[in-house]
Structures are given as C-alpha cells and as structure tokens.
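I opened the notebook today to look up how two helices sit against each other, and then to follow one residue from their contact. The entries below are in the order in which I looked things up.

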Amino acid sequence: MTTQTPSRWSWIMLVSRISLFIGIQAVFAFGFLLGGAKDAWDKSANWWPFAVTLTNLLCLFLLVRLFNKERKNFWDIFRVQKEHVKSDLLVLLGVMIILGPVSYFPNVLLGGYLFGDPQRTLDLLVRPLPLWAAYASLILFPFTQGLAELPTYFAYVMPEFESQGMPGWLAVTVPSLVLGLQHIGVPFLFNAPYLLWRGLMFIPFAFLVGIVLRWRPRLLPYLATIHVLMDMSFAAMLLK
C-alpha cells in the first residue's frame, strides 16, 4: 500500500489558528500605533477575544469550503445521533469526570510554579475592555469557539491526516499538540513564563479530547457544547 503525504490544506488548517491569532493581534496593534499609542502591542492584547472570534469565523469559512470540496456537509458533524444518545451521554459523563481535573490542575500548578501565584496569570488574561466589547465577547467568543476550534483539529485535520496514510497515533498527536500550543497566541505577549504557561497548560486536555474524538467522533456536538459553556464562563470574567 502506498502512503500518501497529507494534503497542503491539512497543514494549512493545522497552523491556521495560531497564525491568525497573532496576525490579527498585530493588525490591532498597528491600528493603535497609528493612533499614537506607545504601548500598542499591550493594548492590542486586550482585544484578544475579538482576534479569536475573527479567527473562528475565517476557520469556519474555510472548513465549510473544504468539506464542500469533498462533497460533505460541514454542519453534519454537529448532528446528534439519536439512536446513540443514551450510551453517548453515559460515556460523556465519564469523560467529563476526567476533563475537569485535566483542564484545571495543569493551569493552576503551572501558574503557581512559573509566577508564584496563579492569580497573576489571570491578570494577564482578563484584560480591560469597554463594556460593550465585554458583552459582545460573552456571546461571540464562546459560540464561535464551539463551532470552529475542535472541528478544525479533530473533524478535519486529524481525519485528513489519517486518511492519507499517517499512523493513527501520530494523526492524534500532531493536532492535539498544536491545539495546546496555539494558546500562546491568545493573547501573544513577549513574556517567557507566560508563553510557557499558555503553551503547556492545555496540552493534557487537548490530548484527551483528541483521543476521545478519534475513538468516538459522534461525541463532537456534546464536547463542542461543553466548550462553549467553559469559554462563556471565562468570558464572563471580562465583565468585571
């Protein structure tokens, strides 16, 4: 059997999100610079929820086009398979019991180790925004995240890698690793401990989600919904 090289679009989508996060933040920074701000990059970091939202919209556009190219309907990946609801919810309960600690403890432990106080990490992430922007972020950021993030890595890149000859373990590992590392761009700050914290904090979470979705892809709509709720609870902090 001949092993094919994953298509260029697989690799483009793999790095699209982190590239767009930083690129869009740079556009915001350029705007602040033109407005005379001396701390243009730091001001641009405050607007990371909008950089993420714009990234998600661009990724959604590309995903729909790529699925159509393969004569598939992108929105079908969010369709709940009613005949499996009971068993899927039972599995989901078990997954959530593991996901909670896996998403929380690396964040807190790394933050404490690198900064001495995990609260300092929140100060870098929960940044001031005008009230209208904070309210907009409460809706736009979480919902577009749910639609775009997991589908990019695990409904397009991972299956595409595997279908074109990449070993299963590697097809899970590569997008999971990039999913975790992409957080250095949300927002991107020139701060080494912060970049280390952001880059590593979600690696275990990303691998667990990748493994689960390779094993049972039909859990995607449930995990996407959980993703929306998690991000909405975080976005609510911006209102403070």
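Entry 1. Before judging any direction I wrote down the cut-off, which is that angles over 145 degrees count as roughly antiparallel. I also noted that this is a predicted model.

Entry 2. I looked up the packing of helix α1, residues 8-34, against helix α6, residues 131-163, and found an angle of about 150° with the axes 9 Å apart. I therefore entered α1 and α6 as roughly antiparallel to each other, and I added that α1 passes α6 in a left-handed crossing.

Entry 3. Which residues of α1 and α6 meet? On the α1 side I listed Trp-9, Ser-10, Trp-11, Met-13, Leu-14 and Arg-17, and these meet residues of α6 including Ala-148, Glu-149, Tyr-153, Tyr-156 and Phe-161. Sorting the contact of α1 with α6 by class, I noted nine nonpolar, three polar and three charged residues.

Entry 4. I then turned to Glu-149, which is found in helix α6, and asked myself whether Glu-149 is buried or exposed. The relative accessibility of Glu-149 is 4%, and since buried means under 20%, Glu-149 counts as buried.

Entry 5. What does Glu-149 touch, once residues up to four places away in sequence are not counted? I found Arg-17, Leu-179, Gln-182 and His-227. Looking at the side chains, I noted that a polar contact of 2.4 Å joins Glu-149 to Gln-182, while a polar contact of 3.2 Å joins Glu-149 to His-227.

Note on methods: Residues numbered from 1 in each chain as written. Predicted model: local features only at pLDDT ≥ 70, side-chain atom pairs only at ≥ 80, totals over all residues. Heavy atoms only, no water. Axes fitted to C-alpha atoms, helices over the stretch in contact; angles between N-to-C directions. Helix = DSSP H or I, 4+ residues; strand = E, 2+ residues; numbered from the N terminus. Parallel < 35°, antiparallel > 145°, perpendicular 65-115°, else oblique. Left-handed = near helix turned anticlockwise from the far one by under 90°. Contact = heavy atoms within 4.5 Å. Nonpolar A, V, L, I, M, F, W, Y, C, P; charged D, E, K, R; others polar. Buried < 20%, exposed > 50% of the residue type's maximum accessible area, 1.4 Å probe, protein only. Polar contact = N/O pair within 3.5 Å; in protein donor to acceptor, adjacent residues only side chain to side chain.
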